[in-house]
Amino acid sequence: MTTIPERVESARAGTNPAVICRMPSGWAVLCDMQHLRGYSILLPDPVVAGINDLDRAGRAAYLCDMVTIGDALLEVTDAFRINYAILGNSDPYLHAHIVPRYMSEPDEIRRGLPWSYPNAVLGTALFDAERDKELIARLAGAIQRRL
């Protein structure tokens, strides 16, 4: 598993194909799992253990960037809602999950957590640089217009 620091380093180096764009507080990237089209992650730069390690201005910038990604997802996908989560349990560095939710999802799953899908779905709908390049470009444009 690639860690948050490794993902940030590859974003800085220009070698992370999932990067959407640089933001004031870090990097917007598409998540490895794309079972919900546009599922994104905000990686902090510099890397910190948690949001509580940021000062007031850093917290405000990070949370604003997180919601800006959500706004862009609402613009360029047919999502009806955006779920936001900052966990850090399995990779103990700050990162925010920005997850579009769709009316086309089965009711019992749409009303639950984005990770409620069966493993067969989670493991097969993965990031694909070729397939996802148009989505990345559209999201980058929508984000940049908001910055």
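Which residue of E2 stands opposite cysteine 21? The residue opposite cysteine 21 is alanine 28, and this pair is a convenient place to enter the model. The structure is a predicted model, in which local features need pLDDT of at least 70 and side-chain atom pairs count only at pLDDT 80 or more, while totals for chains, interfaces and linings use all residues. Residues are numbered from 1 along each chain as its sequence is written, and side-chain values use heavy atoms, with hydrogens and water left out.

The chain holds five helices and five strands, where helices (H or I, at least four residues) and strands (E, at least two) are DSSP runs numbered from the N terminus. Read from the N terminus, the order of these elements is α-β-β-β-α-β-β-α-α-α. The radius of gyration of the chain is 15 Å, close to the 15 Å that the globule rule gives for 147 residues, so the chain is as compact as a globular protein of that length; the radius is taken over C-alpha atoms, and the rule is 2.2 Å times the number of residues to the power 0.38. Along the principal axes, the C-alpha atoms fill a box of roughly 40 × 30 × 25 Å.

Of the 147 residues, 48% count as buried, a term that means under 20% relative accessible area, with exposed meaning over 50% and partly exposed in between (1.4 Å probe, protein chains only). Among the contacts in the chain with a separation of 6 or more, 59% are accounted for by residues 24 or more positions apart, contact meaning heavy atoms within 4.5 Å. The accessible surface comes to about 7,600 Å², and 54% of that surface belongs to carbon and sulfur atoms; accessible areas come from the Shrake-Rupley method with a 1.4 Å probe, and for residues only the protein chains shown count as cover.

The strands can be followed pair by pair, two strands being paired if DSSP finds at least two bridges between them. Strand E1 (residues 19-23) and E2 pair in the antiparallel sense over four bridges, and they form a hairpin with two residues between them. Strand E2 (residues 26-30) is mostly covered, since five of its five residues are buried. E2 is also joined to E3 by five bridges, again in an antiparallel arrangement, and here tryptophan 27 stands opposite leucine 43 in E3.

Strand E3 (residues 40-44) in turn runs antiparallel to E5, with three bridges joining them, and the bridge partner of serine 40 in E5 is isoleucine 98. Strand E4 (residues 81-86) is joined to E5 by six bridges, also antiparallel, with arginine 81 opposite arginine 101. Six of the six residues of strand E5 (residues 96-101) are buried, so E5 is largely enclosed by the rest of the structure. Ala96, Ile98 and Pro100 point one way from E5, whereas His97, Val99 and Arg101 point the other way, and all are buried.

The loops that flank E3 each hold a residue worth locating. Proline 46 lies in the loop between E3 and helix H2 (56-76), and the peptide bond that leads from aspartate 45 to proline 46 is cis, with omega near 15 degrees. Glycine 38 is placed in the loop between E2 and E3, and glycine 38 is buried, with a relative accessible area of 0%. Leaving aside neighbours within four places in sequence, glycine 38 is in contact with Leu30, Leu73, Ile98, Pro100 and Leu135.

Glycine 38 also leads to helix H5 (residues 129-146), where aspartate 132 lies: glycine 38 and aspartate 132 are 94 residues apart in sequence but 8.8 Å apart in space, C-alpha to C-alpha. Aspartate 132 is buried as well, with a relative accessible area of 0%, and, with neighbours within four places in sequence left aside, aspartate 132 is in contact with Leu30, Gln34, Arg37 and Phe127.

Toward the N terminus, isoleucine 4 has its place in helix H1 (residues 4-13) and counts as buried at 4% relative accessibility. Not counting residues up to four places away in sequence, isoleucine 4 touches Leu43, Pro44, Asp91, Tyr93, Leu94 and His95.
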